[in-house]
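Visitor: Please pick one part of this protein and take me through it up close. Then work outwards from there, and explain the terms as you go.

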Amino acid sequence: MKKIVIIIFLVQFLSAKAQQLEKFQSLPFGSIKPQGWLRTQMQADIDGFVGNLDQIVPELINDPIYGSERLGKNSKAKDLGNMKEGDAAGDDQYKWWNSETQSNWWDGYLRNVLLLDDEKGIIKVQNYVKRILQTQDADGYLGIYDKDLRYQFQSENGELWAKATLYRGLLAYYEYSNDTSVFKAVERAVDNVMQGYPIHNSSPFFSGTGFNGGVSHGLTFTDVLERLFYHTQNEKYREYALFLYRDFSNTFQTEADAQLKNVLNESYLLQSHGVHTFEHIRTLIIAKYAAKDGTLDTALNRYLQKIKSVVTVSGGAIGDEWIAQRSADASHTGYEYCSLQELLDSYCLLLQKTGNAALGDEVENIFYNAAQGSRHPEKSCIAYLKTDNSFEMLGTKNGEVEPDRKQTRYKYSAAHQDVAVCCNPNAGRISPYFIQNAWMRENESTFVATLLMPNVLETNANGTTVKIINETNYPYDNKMNFRITLGASKMLTIKIRKPAWATQVLTKERFVYDGDYIKIERTFKEQDAVTLEFKTDVQVKKSSKNEHYFAYGALLYAKSIDSQEIAGRTYSSTFTDLTYQPTENIQYRFIDKHEAKYKNNEMVVRLFNTQSKRIEKVTLIPFGKTILRQAAFTVQN
């Protein structure tokens, strides 16, 4: 009888372990760097608003909130230069807000300059890291609060949130530089958190029953715990992440979409501030793998299903700024740039865990369409909020009025200080996070091209150096040449994700399909190459509301709308807020006989002109190259 019990236990244990097995391993930050047009765009960002935000809003970025001006019981809220009409938060939020602004900016800035090998920027980053580590207390505390407040809050606070935004950047710097003093500082800081909020014997997410957006943002501290687990394989970090999720789920939260009871409630509709909803996907993923018994599998699957209903065809995740129980709409629901970064990062983590190739399609869709389409195509600024159909950019959402708020988010700006300097720092993070997930490992000698882009991978395999350059203009061209340089000839396996839209793979390589991955396994010479091309056709994609979009490969195409540029607030001679008034008001509708033809990054389609009442040939261009646009077309009856 005893043997039977033991066997049953082992079967259950092995089943649980197999269920939680992770498909891929991520690579240290800095292993993958941009090439081609992507590198050019990132350099323009560093020359533009990403590299100069500390000059555009110096009072926010240079606030010594982690050091000499830590927050105490008598601290007052600072003037951030923003309008507060319609805000749900009180002064407590504005006390910690600078920590988010500057730490997210530094996270994006340091990742960009490190990936670009920008010598001047790297010196600036090194000085920043040295300066921030000097603020660490003897007990390991590294954060924004004095001793009279830390770990003993009864209301809104940014304790864990300020740490999460800071530590993510520090860990990226450690992975690039191998400076162990930085890693040890983060380890000590996290141990201090675990002592301040003892596992199973405290409530980090208790903050009363008032607005607590900073508290719920703090759930992203699990990002830091996951990365420490990656480096150390110490289970205490995942156990603590699971503890944080459970405490979050059992306390009052104003941003409660990811609370377990709401996730499992099939009738519950997402309603929180979008960026919280999308960043908390990562916590639920981490908690699932920490639980090890499959108890959170259903929860994660249900949450992901809910997420699908609030994302537009372009990958735009509703966040204008609350989801408010709505479903995605091309004209009437906007998406915040912060939400794009957080959803992309969450899908990347899930891609690493599961290897599900469809997630690669989702990530590319967000980056190449919604995110590129929220950047100004020619000038260094972004839209705080954007819609798939963007008929005007005059502050409001396609002219809609919000009676309880003076809406200014639908414009292009290098800072958006009148609202909050949060989307611009996140716009600086999105490219490095995207690039970091371009390659993953399945084992020591198997490399997987999970996301397609021009990049260079430098790593090793069983003691041999490996360098793979993806020479491509993707997604504007679907041809790729993977140029491979090895320290010595070696048997390797290279897997390349086959996008869902690809109808055919052209290559001289012998390969097999491993799910939705092309698998090439052979002995590679010291200088070698793999060349392939994905063939495709024009695709028509439909939203849940029967809106029709045209796509070719990874890109959506849209009708650009002519407009007049209007200059607004000037931050300097280089950076000016911009709004756009349409100079035409024609809208088009979809017809079955559209006869869409693609050539040289343009698409010509037949559409119904609602003004002339005639069918016309219309030229569409890549979604990300537009300012005002019509991307979704309802059916002409």
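Guide: A bit of vocabulary to begin: helices (H or I, at least four residues) and strands (E, at least two) are DSSP runs, numbered from the N terminus. What you're looking at is a predicted model, where local features need pLDDT of at least 70 and side-chain atom pairs count only at pLDDT 80 or more, while totals for chains, interfaces and linings use all residues. Residues are numbered from 1 along each chain as its sequence is written, and side-chain values use heavy atoms, leaving out hydrogens and water.

Let's zoom in on the loop between α14 and β2, where you'll find Ala324. Its phi is near 60°, which is a positive value in a residue other than glycine. Ala324 has 43% relative accessibility, so it counts as partly exposed; buried means under 20% relative accessible area, exposed over 50%, and partly exposed is in between (1.4 Å probe, protein chains only). That loop, between α14 (297-308) and β2 (335-336), also holds Glu321. The peptide bond joining Asp320 and Glu321 is cis, with omega about -10°.

Now compare another loop, the one between β16 and β17, home of Asn546. Asn546 also has a positive phi without being glycine, near 65°. Its relative accessibility is 36%, so we call it partly exposed. Ser543 sits in the loop between β16 (538-542) and β17 (548-552), but it counts as buried because its relative accessibility is 17%. Setting aside residues up to four places away in sequence, Ser543 touches Val313 and Tyr549, where contact means heavy atoms within 4.5 Å.

There's another cis peptide bond to look at, running from Tyr474 to Pro475 with omega near 10°. Pro475 belongs to the loop between β9 (464-472) and β10 (479-486). Tyr474 brings us to a group of rings, as it forms one aromatic cluster with Trp37, Phe367, Tyr368, Phe434, Tyr476, Trp501 and Phe534. Rings of Phe, Tyr and Trp (its six-membered ring) pair if their centres lie within 6.5 Å; planes under 30 degrees apart count as stacked, over 60 as edge-to-face and the rest as tilted.

Across the whole structure, a search turns up 29 aromatic pairs. One of them is Phe367 with Phe434, a stacked pair at 4.0 Å centre to centre with 10° between the planes. Phe367 is in helix α16 (residues 357-371) and Phe434 in helix α17 (residues 423-436), so this pair ties together parts 67 residues apart in sequence. Both Phe367 and Phe434 are buried. For Trp501 and Phe534, the ring centres are 6.1 Å apart and the planes sit at 80°, so that pair is edge-to-face. Trp501 is in the loop between β11 (490-497) and β12 (504-507), and Phe534 is in strand β15 (residues 527-535), so to speak linking distant parts of the chain, 33 residues apart. Trp501 is buried at 7% relative accessibility, and Phe534 is buried too, with a relative accessible area of 2%.

Further out, look at how some helices pack. Helix α13 (residues 274-291) and helix α15 (residues 337-354) have axes that come within 7 Å and cross at roughly 15°. Axes here are lines fitted to C-alpha atoms, for helices over the stretch in contact, and angles run from 0 to 180 degrees between N-to-C directions. That makes α13 roughly parallel to α15: under 35 degrees is roughly parallel, over 145 roughly antiparallel, 65 to 115 roughly perpendicular and the rest oblique. The crossing is left-handed, a name used if the near helix is turned anticlockwise from the far one by less than a right angle (clockwise is right-handed).

Helix α10 (residues 221-232) and helix α11 (residues 235-249) pack at about 160° with axes 8 Å apart. That makes α10 roughly antiparallel to α11, and their crossing is left-handed. Finally, helix α6 (residues 119-133) meets helix α7 (residues 159-177) at about 125°, with axes 12 Å apart. That makes α6 oblique to α7. Among the residues in this contact are Ile122 and Val125 of α6, and Leu166 and Tyr173 of α7.
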